[in-house]
Structure formats: C-alpha cells, structure tokens
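Visitor: Please take me through one part of this model in close detail. I would like the disulfide and the packing around it, then whatever lies further out.

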Amino acid sequence: MDKNTIIGFVLIFGIIVGFSWFNRPTEEQIAEQKSAIVREIVDNMPEPCNNILWGYYRDGFSMKTMAEMFDYSSESSVKVTKHRCCDKFKKRYTELSRKLF
C-alpha cells in the first residue's frame, strides 16, 4: 500500500464517521418517535384497553370514574383490566422498540 491509498482509506473512514455523527437523531426526535409508537399501539388495541389506557394515563381519570364511565362492576375490575392491558402494551412496545432503536 502506498501513501495515497492509506490517506484515501483514512478520508473515507472520516467521512463515514462524520456522516453518521451528523445524521443521528436528536433527543427530541427520539422522544417524538416513542410518542408516536405509544399512540399507535394504544389506538390499535381492542376496545376496553384503548379506552382504559387513554382514560387513565392521558386524561387522568380515577379507577372509580372509569368504572362508572365504562359500566364496570367495581374499581377492582377496572384495575385488573388496566393491568392486563398494560401487559399487552409493554409486550408490543418492547417488540417495536427493539426493531427501531
């Protein structure tokens, strides 16, 4: 290898490193992507789950309020349903996060 070949490899390596450094997503972009994933997952969940998760986490409804709104027999029923829905959400979020991040 001559001097020009080595210089060429060093320059190519520098360009690749610089390009990847300048094109990495910012923290804001990563947060936006995660929010979009959350919205997509919750929106695509079956009927009781999306209502309960949005009601509790986005709208801040209490278990008692949601039991009355969604015709559950008690707060405990809503808690159990929310817990099951959270498990489904976590599983789906983990799958998508591993693919994207």
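Guide: What follows starts at the disulfide and works outward. Keep in mind that this is a predicted model.

A search of the whole structure finds one disulfide. C49 and C85 form it, with their sulfur atoms 2.1 Å apart. The torsion about the S-S bond of C49 and C85 is about -75°, so this disulfide is left-handed. C49 sits in helix α3 and C85 in helix α5, so the pair ties together parts that are 36 residues apart in sequence. Both C49 and C85 are buried.

Now take the neighbouring cysteine, C86. Its closest cysteine sulfur is that of C85, 7.2 Å away, which is too far for a bond. The cut-off for a disulfide is 2.5 Å between the sulfur atoms. C86 is buried too, at 12% relative accessibility.

C49, C85 and C86 also belong to the largest nonpolar core. That core has eleven residues. The others are I37, I41, V42, M45, L53, W54, F89 and L96. Three elements give two or more residues to this core: α2 (27–43), α3 (47–58) and α5 (75–100). Of these, α5 gives the most, with four residues. In soluble globular proteins, nonpolar side chains tend to be buried together.

V42 shows how the packing runs. Leaving out residues up to four places away in sequence, V42 touches N50, L53, W54 and F89. L53, W54 and F89 are members of the core themselves. Another core lies apart from this one. It has five residues, among them I52, M66, A67 and V78.

Next to V42 in sequence comes D43, in helix α2. D43 is partly exposed, with a relative accessible area of 48%. With the same sequence neighbours left out, D43 touches N50 and W54. N50 and W54 are also on the contact list of V42. For a sense of distance, look from D43 to I16. These two are 27 residues apart along the chain, and their C-alpha atoms are separated by 39 Å.

I16 leads to the surface. There, M1, I6, F9, V10, I12 and I16 form a nonpolar patch. Together they have about 680 Å² of accessible area. M1 is found in the segment before α1 (3–22). M1 is exposed, with a relative accessible area of 79%.

Charged pairs come last. Side chains of opposite charge can pair when their charged atoms come close. A search of the whole structure finds two salt bridges. In one, the side chains of R58 and D59 meet at 3.0 Å, N to O. R58 is exposed, at a relative accessible area of 53%, while D59 counts as partly exposed at 38%.

The other salt bridge joins R92 and E95, whose closest N and O atoms are 3.3 Å apart. Both residues lie in helix α5, three residues apart, about one turn of the helix. R92 is partly exposed, with a relative accessible area of 36%. E95 counts as partly exposed as well, at 35% relative accessibility.

Back to the starting point. Helix α5 holds C85 of the disulfide, gives four residues to the largest nonpolar core and carries the R92 and E95 pair.

Key:
Residues numbered from 1 in each chain as written. Predicted model: local features only at pLDDT ≥ 70, side-chain atom pairs only at ≥ 80, totals over all residues. Heavy atoms only, no water. Patch = residues over 30% accessible without salt bridge, like charges linked within 9 Å, V, L, I, M, F, W, Y side chains within 5 Å. Areas by Shrake-Rupley, 256 points an atom, 1.4 Å probe, with all protein chains shown as cover. Salt bridge = Lys/Arg side-chain N within 4 Å of Asp/Glu carboxyl O. Buried < 20%, exposed > 50% of the residue type's maximum accessible area, 1.4 Å probe, protein only. Core = buried A, V, L, I, M, F, W, Y, C linked by side-chain atoms within 4.5 Å. Contact = heavy atoms within 4.5 Å.
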